[in-house]
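Please look at the sequence and the model side by side as you read. The paragraphs below begin with a single residue, widen to the chain, and then visit several helices and loops in turn.

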Amino acid sequence: MYTLKELEKKEYEKFVKENKYKSHFLQSYAWGEFAKEKKNKNVYYLGLIKDKNIVASALLLQTKLPLGYSYFYSPRGFVLNYEDEETFNEMTKKVVEFVKNKKGIFLKIDPDIIRKSINYKGEENPLKYNPDKIFKMIKKAGFKHLGFTKNFETNNPRYTFRINMNKSIEEIESCYSKTTKQRIKKAEKLGVEVKIGEEKDLDEFCHLMKVTEDRKDFVSYSDDYYKTLYKIWNKDNKMTLFLGIVDLKYILNNLKERRKDLEEKINEIPKENMSKSAKNKLKELERELDKVKEDEEKYKGYQKEYGNKITLNAHMIIEYGNKAWVLYAGNENILTETGSNYKVYDEHIKYEKNRGIKVYDQFGTIGDLSKDNPRLGLHEFKKKFGGDYVEFLGEFDYITNKPMYFAFTKLVPLYRKMVRNKSKKKIENDLKERK
């Protein structure tokens, strides 16, 4: 006999966070609190009970629609053993009844079930379950699959890169691309500092998110959105802000020393009766000196505009259970040649490894790898850290009111486009004001 009930925080969190089958921050109690406060959702923490034990759970987010209707979404839900068809079917049946009783027109799920995983060598990783069997089970239960999308059309990314943190840090870093290793070394040589930020640093993070959104032409959230998430998450869990900082005074001092050294070497070369090799050496040193002088002028310009130190990167890493996600990453448009972004990634990978995290998720990439895809650069950057290229099953809708579902899926996309355009304009105005 199965029953569905709303769970208290303690029992809900214990089941989700410690679940050996599925555990995701988007199914956490804290995410529900955040969705209630900042996304204006009604939140339900549901548990399926069998013989007095919880066998499945779902964070259910309700979005109100006109005329008393609503729709429900269980992000990365349900939490259960997807190889147990009986439990999945009972959970679906009970939750659908719950949705219908609240005039829900559909229920959406996008379970954390991997369809395919490919390692950094291009080899397919074996899975512990049969994804095709689970896919058929979900459809058989009455869900409509929304397609194997290739970009960011869904609520949560259908593709990502994940690093298995059960390896040693040496093994993890050995999977980095050659250019990634080189850029990390360059960042270290330039004295790039990576530090853990505090709540007071969120203003800088929010600014960098706007810069990134403006550059990459996508819309994210208000400052208050990020600040509220940071506060809520750090009550019972851990969210860490990593900052990548460039010290222009340090760089200029090094360039000054390098310039002096080159000038001395050039002066030491006899200018009369020069051999061919000496002439070539002189030209090489003069080219390098010109580059150093050029860099000095460039960094002096930045120093004049920004001061001695510039925060170039701000990454927000969220932990839940034994997993961590790179939830948001804001980066400046300038001084990318310093490799600071690479160094920040390297540092938070090592940080999460030392904290005992087992899975490090870069939270989103693309499946369409055509050369003209504007997101290809994002994909190639994340790929360089050697994680497994993971594809999920995607989104499923259980339709409970066909006429209203049709109206919603046709009209809402138009509304969302209007909201995106309005938000995009606001970001552009905010950046102009800051300048």
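In this predicted model, Asn273 counts as exposed, because its relative accessibility of 80% lies over the 50% that exposure requires. Asn273 is placed in the loop between helix H9 (248-268) and H10, and its phi is near 50°, a positive value in a residue other than glycine. That value deserves a second look, because most residues other than glycine have a negative phi.

A second residue with such a backbone angle is Asp51, whose phi is also near 50° and thus positive although the residue is not glycine. Asp51 sits in the loop between E2 and E3, and with a relative accessible area of 59% it is exposed. A further positive phi, of about 60°, belongs to Asn40, which comes just after H2. The backbone also has a cis peptide bond, the one from Gly77 to Phe78, with omega near 0°; Phe78 is found in the loop between strand E4 (70-74) and helix H3 (85-101). As for the usual arrangement, most peptide bonds are trans.

With these backbone details in mind, the chain as a whole can be considered. Its 435 residues include 50% that are buried, and its secondary structure comprises 13 helices and 15 strands. Taken along the principal axes, the box filled by the C-alpha atoms is roughly 100 × 50 × 40 Å. The chain exposes about 22800 Å², of which carbon and sulfur atoms supply 48%. Among the contacts with a separation of 6 or more, 76% are between residues 24 or more positions apart. Separation along the chain can also go with separation in space: Glu286 and Met239 are 47 residues apart along the chain, and their C-alpha atoms are separated by 49 Å. Glu286 is found in helix H10 (residues 276-306) and, at 35% relative accessibility, counts as partly exposed, because this value falls between the 20% and 50% limits.

Now turn to helix H2 (residues 29-38), in which the buried residues are Tyr29, Ala30, Trp31, Gly32, Phe34 and Ala35. What do the buried residues of H2 pack against? Their partners are two helices, H1 (9-17) and H8 (223-236), together with two strands, E2 (42-50) and E3 (53-64). The loop between E2 and E3 is the place of Asp51, the exposed residue described above.

Helix H12 (residues 376-383) can be read in a similar way, with Leu376, His379, Phe381 and Lys382 buried. The buried residues of H12 pack against E8, H11 and strand E14 (388-392). One of these partners, strand E8 (159-164), borders the loop that runs from strand E7 (144-145) and holds Thr149. Thr149 is buried, because its relative accessible area of 15% is under the 20% cut-off. Leaving aside its neighbours within four places in sequence, Thr149 is in contact with Thr154, Arg158 and Tyr159.

Another partner of H12 is H11, and H11 also packs with helix H6 (residues 178-189). How is such a pairing of helices described? The general description uses the angle between the two axes and the distance between them. For H6 and H11, the angle is about 100° and the axes are 8 Å apart. That makes H6 roughly perpendicular to H11, because angles from 65 to 115 degrees count as such. On the H6 side, Thr180, Arg183, Ile184, Ala187 and Glu188 take part, and they meet Ser340, Tyr342, Lys343 and Asp346 in H11. The residues of this contact divide into three nonpolar, two polar and four charged.

One of the H11 residues in that contact, Lys343, repays a closer look. Lys343 belongs to helix H11 (residues 340-354). Is Lys343 buried or exposed? With a relative accessible area of 7%, Lys343 is buried, because that figure is under 20%. Its side chain makes a polar contact of 2.9 Å with the side chain of Glu347. Apart from residues up to four places away in sequence, Lys343 touches Ile184, Ala187, Glu188, Val192, Val194 and Lys350. Of these neighbours, Ile184, Ala187 and Glu188 are among the H6 residues that meet H11, which ties the surroundings of Lys343 to the packing of the two helices.

How values were computed:
Residues are numbered from 1 along each chain as its sequence is written. This is a predicted model: local features need pLDDT of at least 70, side-chain atom pairs count only at pLDDT 80 or more; totals for chains, interfaces and linings use all residues. Side-chain values use heavy atoms; hydrogens and water are left out. Helices (H or I, at least four residues) and strands (E, at least two) are DSSP runs, numbered from the N terminus. Buried means under 20% relative accessible area, exposed over 50%, partly exposed in between (1.4 Å probe, protein chains only). A polar contact is a pair of N or O atoms within 3.5 Å; within protein, one must be able to donate a hydrogen and the other to accept it, and residues adjacent in sequence count only if both atoms are side-chain atoms. Contact means heavy atoms within 4.5 Å. Axes are lines fitted to C-alpha atoms, for helices over the stretch in contact, and angles run from 0 to 180 degrees between N-to-C directions. Angles under 35 degrees count as roughly parallel, over 145 as roughly antiparallel, 65 to 115 as roughly perpendicular and the rest as oblique. Ala, Val, Leu, Ile, Met, Phe, Trp, Tyr, Cys and Pro count as nonpolar, Asp, Glu, Lys and Arg as charged, and the others, Gly among them, as polar. Accessible areas come from the Shrake-Rupley method with a 1.4 Å probe; for residues, only the protein chains shown count as cover.
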